[in-house]
Amino acid sequence: MMTTLHPILSGSPYQAYVYAYPHKTAYRAFREPLNLNEYWTRETCSNLFLYLHVPFCTMRCGFCNLFTQAMPTDSLTTLYLDALTRQAEVLRSLLPQARFSQVAIGGGTPTFLNVEQLQVLFGLLRRFDVDVSSVPSSVEVSPDTITSEKAAYLRDVGVERISIGIQSFVEQETAQSGRPQSREEVEKALQLLTDLDFPTLNIDLIYGLPNQTVESWLYSLEQALRYEPEELYLYPLYVRPLTGLGRSSKQWDDVRLACYRSARDRLLSLGYVQFSMRKFRKAKLSRDSGEYCCQRDGMLGLGCGARSYTRQLHYSLDYAVTPKSVKQIISDYLARDASSFQQAEFGFLLNEEEQRRRYLLQSILNTDGLLISDYRERFGTTPEEDFPILGTFAELGLLTRTESSWTPTSEGLERSDALGPWLFSEPVQQLMKSYELR
Ligand SMILES: C[S@@+](CC[C@H](N)C(=O)[O-])C[C@H]1O[C@@H](n2cnc3c(N)ncnc32)[C@H](O)[C@@H]1O
Ligand code: SF4
């Protein structure tokens with residue numbers, strides 16, 4: 001008798017990166033703007049995540065689908081910081097009771113800004129009573145923007161984690177991906193950060209790049225390991241229709257899977273701990289540390305590419321990828337008056353079912369997994385009562401049910417980007433499908 005493979009096993013392992021649920025492409029304009037005060041007052045607000053978004057870079061990498069603008073003028077970045085300051089003032093007065101237990105500055109590339117501008121950013125954190133040196137904090141940097149002056153400033157203010165995008169140590173691979181980057185610049189940036197000895201150095205690498213082989217991928221991994229990073233994020237390359245590259249084939253899936261497996265095995269053999277399909281860390285942190293935040297609801301995002309989450313409401317400004325649309329959204333942001341920051345115009349309202357789904361998705365793809373007692377305490381049911389599909393995933397060898405939790409198996413981890421999208425609700429899938437990329 002012929003047995004047919006379940007589509008989750010026979011299809012591509014690379015469907016979508018479930019970074020957050022629901023995805024931004026499921027967000028829509030609300031019929032009427034929603035009053036933020038109403039949603040934030042329902043939150044506990046004693047343990048929030050503060051996120052600042054800087055949507056600028058020196059170049060637009062061929063593969064990148066993040067919300068960012070290449071080479072803005074000085075006056076644009078100044079106006080952006082002004083708008084960010086207006087937004088911060090409004091949000092602080094809206095949430096005077098809020099306490100933040102973690103902060104991140106991301107992009108784009110925050111270190112596109114100069115030191116004076118970085119000082120403005122960190123000044124905004126103080127408005128929220130955040131002492132950077134006493135909570136987990138993270139800043140994204142790139143080799144072509146980090147300088148010794150900026151790095152020293154970030155170290156001095158107490159930034160805990162520096163995350164640098166390297167992608168590949170092979171010049172030809174980055175050049176062919178639309179990210180021309182010299183090896184010399186890469187080594188200089190990494191040496192600078194290593195010398196300053198940040199508590200956590202994270203290096204981002206991408207596999208599945210044009211002309212990359214498993215050997216050249218492992219070469220890049222070894223080069224990264226020379227700097228003994230506390231953390232590594234290994235990203236399979238995704239190419240969206242509107243970014244510079246475009247390809248898809250079974251062969252590409254096979255290369256990505258082989259790259260993933262070889263790097264995972266190498267890192268595990270060196271004592272790195274795997275946290276998810278992408279994240280590896282030198283030592284495991286405890287659940288009580290700031291690191292453990294996969295089910296966090298409360299995130300306050302500032303800046304025009306940032307999202308914010310309450311339990312019920314996820315919101316952001318509009319989202320785009322093409323240079324023209326990104327510029328338009330940034331320019332609208334600069335023109336906003338203070339009162340408009342009190343409202344959400346664009347986002348997604350999570351009903352009870354979507355809240356459960358989000359909780360499931362944010363935890364089940366991490367090696368710590370989904371704690372059944374936590375789920376029951378929150379929702380009054382068990383995950384398998386709400387999502388009988390978990391039983392099928394267990395039969396397929398993708399998940400394991402222990403006494404206390406649901407965790408991904410090694411096969412489940414490597415198929416995270418297929419498993420996750422499988423758990424999206426029908427309405428979210430429809431919204432994502434009908435979203436028009438621009
Ligand atoms: C905000 S960037 C990191 C900092 C900085 N902008 C840089 O590129 O050096 C976030 C990371 O997402 C990853 N990334 C971006 N686009 C990707 C794509 N299409 N496929 C896979 N990974 C991607 C890259 O590894 C990148 O370093
Ligand atoms: S990968 Fe980084 S540097 Fe390149 S465009 Fe995206 S955010 Fe900017």
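Me: Before we start, what counts as a disulfide here?
Reply: A disulfide is a pair of cysteine sulfur atoms within 2.5 Å. Keep in mind that this is a predicted model.

Me: Fine. How many disulfides does a search of the whole structure find?
Reply: The search finds 0 disulfides.

Me: Take Cys259. Why is there no bond from its sulfur?
Reply: The closest cysteine sulfur is in Cys61, and it is 19 Å away from that of Cys259, so the gap is too far for a bond. The cut-off is 2.5 Å.

Me: Is Cys259 buried or exposed?
Reply: Buried. Its relative accessible area is 0%.

Me: And Cys45, where does that sit?
Reply: Cys45 is in the loop between helix H2 (36-40) and strand E2 (48-54). Cys45 has a relative accessibility of 2%, so it counts as buried.

Me: What about the backbone there? What is phi of Cys45?
Reply: Near 65 degrees. That is a positive value in a residue other than glycine.

Me: Which other residue has a positive phi like that?
Reply: Asp197 is one, with phi near 55 degrees. Asp197 is in the loop between H7 and E8.

Me: Buried or exposed, that Asp197?
Reply: Exposed. Asp197 has a relative accessible area of 55%, and the cut-off for exposed is over 50%.

Me: Switching to peptide bonds. Which residues does a cis bond join, with omega about -5 degrees?
Reply: Tyr21 and Pro22. Pro22 lies in the loop between helix H1 (7-10) and strand E1 (28-35).

Me: And which pair has the cis bond with omega about 20 degrees?
Reply: Gly107 and Gly108. Gly108 is in the loop between strand E5 (100-107) and helix H4 (115-127).

Me: What surrounds ligand 2?
Reply: Gly108 turns up again here. The other residues around ligand 2 are Cys57, Met59, Arg60, Cys61, Phe63, Cys64, Leu66, Thr109 and Arg179.

Me: How does that shell divide by residue type?
Reply: There are 6 nonpolar, 2 polar and 2 charged residues in the shell around ligand 2.

Me: On to helix H8. What span should it have, and what does the model give?
Reply: H8 has 12 residues, 214-225. At 1.5 Å a residue it should span 16 Å, and its end C-alpha atoms are 16 Å apart, so the two agree.

Me: Which residues of H8 are buried?
Reply: Ser216, Trp217, Ser220, Leu221, Gln223, Ala224 and Leu225.

Me: What covers them?
Reply: The cover includes helices H6 (171-176), H7 (183-196) and H9 (250-269). Strands E8 (200-207) and E9 (231-236) are also part of it.

Me: Gln223 caught my eye. What does it touch?
Reply: Phe169 and Arg183, leaving out residues up to four places away in sequence. Gln223 counts as buried, at 12% relative accessibility. The cut-off for buried is under 20%.

Me: Another glutamine, then. Where is Gln97?
Reply: In the loop between helix H3 (74-94) and E5. Gln97 is partly exposed, with a relative accessible area of 38%.

Me: How far is Gln97 from Thr41?
Reply: Their C-alpha atoms are 9.7 Å apart in space, and 56 residues separate the two in sequence.

Me: Now Leu300. Which strand is it in?
Reply: Strand E12, residues 299-302. Leu300 counts as buried, at 0% relative accessibility.

Me: What is Leu300 in contact with, beyond its sequence neighbours?
Reply: Aromatic names include Trp40, Phe49, Tyr51, Phe100, Phe128 and Tyr315. Leu50, Leu91, Leu95 and Ser308 are in contact with Leu300 too.

Me: How far apart are Leu300 and Leu95?
Reply: In sequence, 205 residues. In space, 10.0 Å from C-alpha to C-alpha.

Me: Where is Gly369?
Reply: Gly369 is in the loop between helix H11 (352-364) and strand E16 (370-371). It counts as buried, at 2% relative accessibility. The C-alpha atoms of Gly369 and Pro408 are 6.8 Å apart, with their places 39 residues apart along the chain.

Me: Last topic, confidence. What is the mean pLDDT?
Reply: It is 93 for the protein chain, and 94% of the residues reach 70 or more.

Me: Where does pLDDT stay under 50?
Reply: Over residues 286-295. The model has 21 contacts for that stretch beyond four places in sequence. Where pLDDT is low, predicted coordinates should not be read in detail.

Conventions: Residues are numbered from 1 along each chain as its sequence is written. Chains are lettered from A and ligands numbered from 1 in the order in which they are written. This is a predicted model: local features need pLDDT of at least 70, side-chain atom pairs count only at pLDDT 80 or more; totals for chains, interfaces and linings use all residues. Side-chain values use heavy atoms; hydrogens and water are left out. Buried means under 20% relative accessible area, exposed over 50%, partly exposed in between (1.4 Å probe, protein chains only). A residue is near a molecule or strand if one of its heavy atoms lies within 4 Å of it. Ala, Val, Leu, Ile, Met, Phe, Trp, Tyr, Cys and Pro count as nonpolar, Asp, Glu, Lys and Arg as charged, and the others, Gly among them, as polar. Helices (H or I, at least four residues) and strands (E, at least two) are DSSP runs, numbered from the N terminus. The expected span of a helix is 1.5 Å times one less than its number of residues. Contact means heavy atoms within 4.5 Å. pLDDT is the predictor's confidence in each residue, from 0 to 100.
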